[in-house]
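User: I'd like a close look at one part of this model rather than a tour of everything. Could you take me through the sheet and then show me what sits around it?

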Amino acid sequence: MWEFELICDLKDAKYIRYIQEKLASFISEMGGVMAVVADREYVYLSIGSKLQNSPAIKTKLRLVLTDVFCQMMKYDYLKENIDLPSEKAEFAETFLKVCTYFDRETERGIVLKLLKLGGKKLNLKSLLLFRMQGLINKWQELCDVANKNSLTILKKDNFIEFLRFLLGSIDSKCQSVILELKDKCLIYHDQKTDFDIITAVDVNDYYDILSKLIDLNPYLIKVHKSESSGEIVSLLQSVFDDRVEIR
């Protein structure tokens, strides 16, 4: 029997919920079990399986944990340490998300090298603080640059140029995306999972749509227009250039 326990602070229970959600079907396929318990300080996720299935589960777990560190924990760190002007609220969330995507594959490689899972338990915050100090330093450098230049970066024209610059360091998650403005959704084929994905979008929140598309960084964006789509189309074209195809 193989057993493993993940631990995180109670205030960060969302990390455990994410891991549980991403692993649930796979653990079931492997004939394993999961259980979550909490006390006043911590949340614990216990995983158990037959010993022969542990290598496959460890491989899947390492990939999910990499997403936790390089997406969720990085975003939380940036949000806490980047001081954005309150009057630029419409740009702030997109700015934070795009900074989170920045250098994503390099950071995933760093985390995967450090995630050995050789013991019986793993405290997420302790691993970040004591084994991944180089990653934290990298995030802090990004925060320092952002804080020194936030007023300049968050001017609309400069912000667009900043997004265009960062696209070069963000890996592509799919070949193409259909943006259905009438039906209020994004449609694409996820290369990692090999599934077709349909996700709802708020057509009035242009920068949320933009941040979703930057995360995917597709080679082609097919926009199915609505009657009032001129502004969002213009915004997408200013960032993605000729990758935007209007229909």
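In which sense do β6 and β7 pair, and over how many bridges?

Analyst: Antiparallel, over six bridges. Keep in mind that this is a predicted model.

Let's start with that pair. Asp190 of β6 stands opposite Phe195 in β7. The hairpin that β6 and β7 make has four residues between the strands, and Asp194 takes a positive phi there, near 60 degrees.

Step across to the other partner of β6 and you meet β5. These two strands also run antiparallel, joined by four bridges, and Val177 has Tyr188 of β6 opposite. The β5-β6 hairpin again has four residues between its strands, with Lys184 at a positive phi near 60 degrees. Lys184 isn't a glycine, so that phi sign is worth a glance on screen. It sits in the loop between β5 and β6, and its relative accessibility of 46% is why Lys184 counts as partly exposed, falling between the 20% and 50% cut-offs.

Now the whole sheet. It is open, has five strands in the order β7-β6-β5-β8-β9, and its pairing is mixed. The edges are β7 (195-200) and β9 (244-246); each has a single partner strand, so one side of each goes without a neighbour in the sheet. On average, neighbouring strands are turned by 20 degrees against each other, ignoring direction.

At the β9 end, the pairing is parallel: three bridges join β8 (residues 220-224) to β9. One contact to click on is Val223, whose bridge partner in β9 is Ile246. Packed on the sheet is helix α9 (residues 230-240), which touches β5 (176-180), β8 and β9, and its direction makes about 145 degrees with that of β9.

Just ahead of β8 there's another residue to check. Asn217 lies in the loop between α8 and β8, and it too is a non-glycine with a positive phi, near 45 degrees. Its surroundings are another matter: at 6% relative accessibility, Asn217 counts as buried because that value is under 20%.

Next, the space around these elements. The largest pocket has a volume of about 1,300 Å³. Its lining draws at least two residues from each of α1 (13-29), α2, α3 (89-101), α4 (104-114), β6 (185-190), β7 and α8 (206-216), so the β6-β7 pair you asked about takes part in it. The lining has 36 residues in total, with Tyr18, Lys22, Asp67, Gln71 and Lys173 nearest the centre of the pocket. Helix α2 gives the most, eight residues.

Helix α2 turns up again in the largest nonpolar core. That core has 83 residues, and those touching the most other members are Leu6, Ile19, Leu65, Phe69, Phe95, Leu124 and Phe240. The largest share of the core, 12 residues, comes from α2 (residues 54-81). For a local view, centre on Ile19: leaving aside residues up to four places away in sequence, Ile19 touches Leu6, Leu45, Leu61, Val64, Leu65, Val68 and Leu124. As background, nonpolar side chains in soluble globular proteins tend to be buried together.

Key. Residues are numbered from 1 along each chain as its sequence is written. This is a predicted model: local features need pLDDT of at least 70, side-chain atom pairs count only at pLDDT 80 or more; totals for chains, interfaces and linings use all residues. Side-chain values use heavy atoms; hydrogens and water are left out. A nonpolar core is a set of buried Ala, Val, Leu, Ile, Met, Phe, Trp, Tyr and Cys residues joined through side-chain atoms within 4.5 Å. Buried means under 20% relative accessible area, exposed over 50%, partly exposed in between (1.4 Å probe, protein chains only). Contact means heavy atoms within 4.5 Å. Two strands pair if DSSP finds at least two bridges between them. Axes are lines fitted to C-alpha atoms, for helices over the stretch in contact, and angles run from 0 to 180 degrees between N-to-C directions. On a 1 Å grid over the protein atoms alone, a cavity is a set of points where a 1.4 Å probe fits but cannot get out, and a pocket is an open set with protein on both sides within 12 Å along at least five of seven lines; lining residues have an atom within 4 Å of a point. Grid points are joined across faces, edges and corners, and a volume is the space filled by probe spheres set on the points.
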